[in-house]
Structure formats: structure tokens, C-alpha cells
Amino acid sequence: MPSDQSTWLISAPLNGDSEGLHHEFSAKVAQQLKSFPPNSIAQFNIPSFKTGTLDNLISLSEDLPKQEAYFTTTVAKVVDTLRNLVNNDASKLKQHILVNEESTDDYILVDWKWNESRYGIQKSLRDTVDTLNKEMASIDNSMRTKLTNYNLVKGSLVQMQRKKTGNLSVKSLADIVHKEDFVEDSEYLETLVVAIPKNLVKEWTTKYERLTAMVVPRSAKTIASDDEYTLYTVVIFRRVHDDFIQKCRESKFLVRDFVYSEEEIEKQREELETADMTEKELWAELLHLSRTNFSESFQLLVHLKVVRLFVESVLRYGLPANYIGLAIKPEDSKSAKKIFGLLQEQFAYLGSRSKGGKSKSKENEDFIGEYQALMEQDFFDFVMYEVPWIVN
């Protein structure tokens, strides 16, 4: 039973039994499922590729599942990038998950056509698959490079912004202290900034002058306060710097590692502004690239699915390599089960053809055994592959 969270691509031999398939099957579904949207079933055009040799078809049949998994993963990674860029906003994400400016459903269900201008059907199937792989690898590499650059700048910006948050024991002091809070250009004196836990403020005010010798009396000055700490400046003689810091540490007073410099403060502000601007520019570039690459990668995925649909159809039904297709999007598990049952009924006539007949001779078993094992996964009378709803 196929998933009800995917769009089904179905192939059957084009012959008298399959003429008018789309109209006939849609009528059956409409009769059984009154509310099922008629535009969720569409005829799906399968090109008549050059089949090549049986060995080449078997080789492709072995390789395509691995390549399909890679394509699906790449598309999913592009979607994850877009989702992160729009902060998981589903309505915004929907605006960017488009294929040639139309929804993924419309791309598959509204008169889908093979892009022959890019992938000529006169080429060998192996060449076509190689071209699809190269294009998907290029998308994957470009996304990885751009995302790495963006994450580096974003990480640097977050680190800078984090310094402006938090409590007074950790946050940047650039926007808190001022030039007049410090003794400058003194050979003997220096100003320290100390973060005092709220429950130790009283202890600090009565104790700081006696922590060491050579602390300037009454020099402690309140600079700022938050829920956890009060920030003070205090003036000491340079020669007791290390001793004073040690005594503060013993009393759980936190001396901030800070030297006032207008040049350094201005430099930090400029770095933050530059990082913020660069992050916004890279965000816009990555969004544009991801939007473009989603459209391209989703088309590549569907094209690869069509190649696989064709290959398995030839292996199962043989020549002539002319097949008719359907694309079906189930609404839910109930409709999926019902439609799948109708598909089995519709294509029951293919049973003996796709499974080699009810009674097989030893020679026939040997003949189909070469490639029948390749299709031991869900095996129906018709060929089916699924395009997962990567964005649901």
C-alpha cells in the first residue's frame, strides 16, 4: 500500500485496454468518492526514451533507488533551509516552495511535460541520469557553501548580540559605562568595575574600603542594577590590582575584565553594525538561492522519478516502450485506500503480464529472474513511484 502522504506516479502499457484511462478512472473515483477533487487525478505524460540494452536497464534499475534517495534528501535540505530562514512560519514558507512560480501540486498535476530542451529524449538513459545527477550535485554544493558562509556570519552576530544581553556579570559594558565614570591618565590610580550580587550589596558597601590597602575611600559608585547584580566602579592604586581582585573573588564580588577605551567601544559598535548588515545581505541571498534551488531540485527529482518509472515499465512489460501515466494525489488515508483498490481493479488485466503468468516454465523463470528480484519492494500490477510531500 503506497503512502497517503505522497503523490503517486503510475505507468501502464499504452494499448487498447488503456485508451481513455484518465477519463475512465476519474469517473470511477468520482462515483466512489463523491467529494474527491477531480483535479487531484491527472494524465501524466511518459516520454518514449531510447531503451538501450537489457543490461543497461537492469544496471539503471539497481542505481536509481540510491540516486532517488539522494535527490529526495537534497530537496528536503533546501526546504529545511527555507523553513529556518522564515522562522518556521508556514504561510511565509508556502510563498517560497514553488516550482516555476506554481505550487508543487500544480507542477505535477497540471499538464506535466518532460523538459526536452534540457534533457533530450534521444540521449541514452544513462546520459540523462548522469546529467540529472550533475545538476543536483551542483545544487547541493552551492547550498552547502552559501549556508556555511551564512551560518558563520550569523554565529558571529549572535555572539556579539549575546554580549549585549544577560545580567551585569556578563553583558557588554560598552553601553552602560561612560567616560566620567573612570579615572584616566593617572600613573598611580585606576578604576575597576565590580558586579555585586544583590544579596551582597550591603556587605560590599561596608567592606570594600578594607579589602586591601590603598583603596580610595568613598570611591565606590553605583553605575547600574538589574534583578541579579548591582554594578559599581571603585578606584584603587595600581600596585594593589592583583591583590584587590583576589580579595573580591574570595568575597564573591566579580571584577569585570574591562578597560575603558572610547576607540574600543566605537570599534565594537561598528563591528556589530557591520555584522548585522552582512547577516541581512547574506540572508536575502540565501533566501533567493534556496527559492531558486527548490524549484530546480524538485523538477530534477520528478524527472528522475519519471526515468525510473520508464525503466521499470520496460523491464516489466517489454517493448514497444510506449506507456501511459497517471498522477494521483490522495487526500487522506481513507481516500488513498479506496483509490488504491480501484487502481488494482483497473489494472488487474496486467497481472499475468507483470508477474510472468500464473504458471511459469523453468525457462521463463530463469529469464525474468535476472531482474524480477530488483523489484521485490511493493509490487503491483502497474508500475508506481511516489513523490513525497516534502512540504506538508
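Arg218 sits in the loop that runs between helix H6 (201-207) and strand S4 (221-225). Let's start there; keep in mind that this is a predicted model.

**Exercise 1.** Find out what sign the phi of Arg218 has, and whether Arg218 is buried or exposed.

*Solution.* Start with the backbone: phi of Arg218 is about 55 degrees, so to speak on the positive side, although Arg218 is not a glycine. Next, look at the surface. Exposed means over 50% relative accessible area. Arg218 comes out at 78%, so it counts as exposed.

**Exercise 2.** Now do the same for Asn87: which loop holds it, what is its phi, and is it buried or exposed?

*Solution.* First, place it: Asn87 is in the loop between helix H2 (54-85) and helix H3 (90-96). Second, check the backbone: phi of Asn87 is near 55 degrees, a positive value, and Asn87 isn't a glycine. That's worth a pause, as most residues other than glycine have a negative phi. Third, Asn87 has a relative accessible area of 67%, so it is exposed.

**Exercise 3.** Walk along helix H8 and past its end: how far does H8 reach, and what does the backbone do just after it?

*Solution.* Take the helix first. H8 has 56 residues and reaches 80 Å from its first C-alpha to its last, close to the 82 Å expected at 1.5 Å a residue. Step off the end, and Gly318 has a positive phi of about 80 degrees. Keep going to the cis peptide bond that joins Leu319 and Pro320, with omega about 0 degrees. Pro320 belongs to the loop between helix H8 (262-317) and strand S7 (323-328).

How values were computed:
Residues numbered from 1 in each chain as written. Predicted model: local features only at pLDDT ≥ 70, side-chain atom pairs only at ≥ 80, totals over all residues. Heavy atoms only, no water. Helix = DSSP H or I, 4+ residues; strand = E, 2+ residues; numbered from the N terminus. Buried < 20%, exposed > 50% of the residue type's maximum accessible area, 1.4 Å probe, protein only. Expected span 1.5 Å × (residues − 1).
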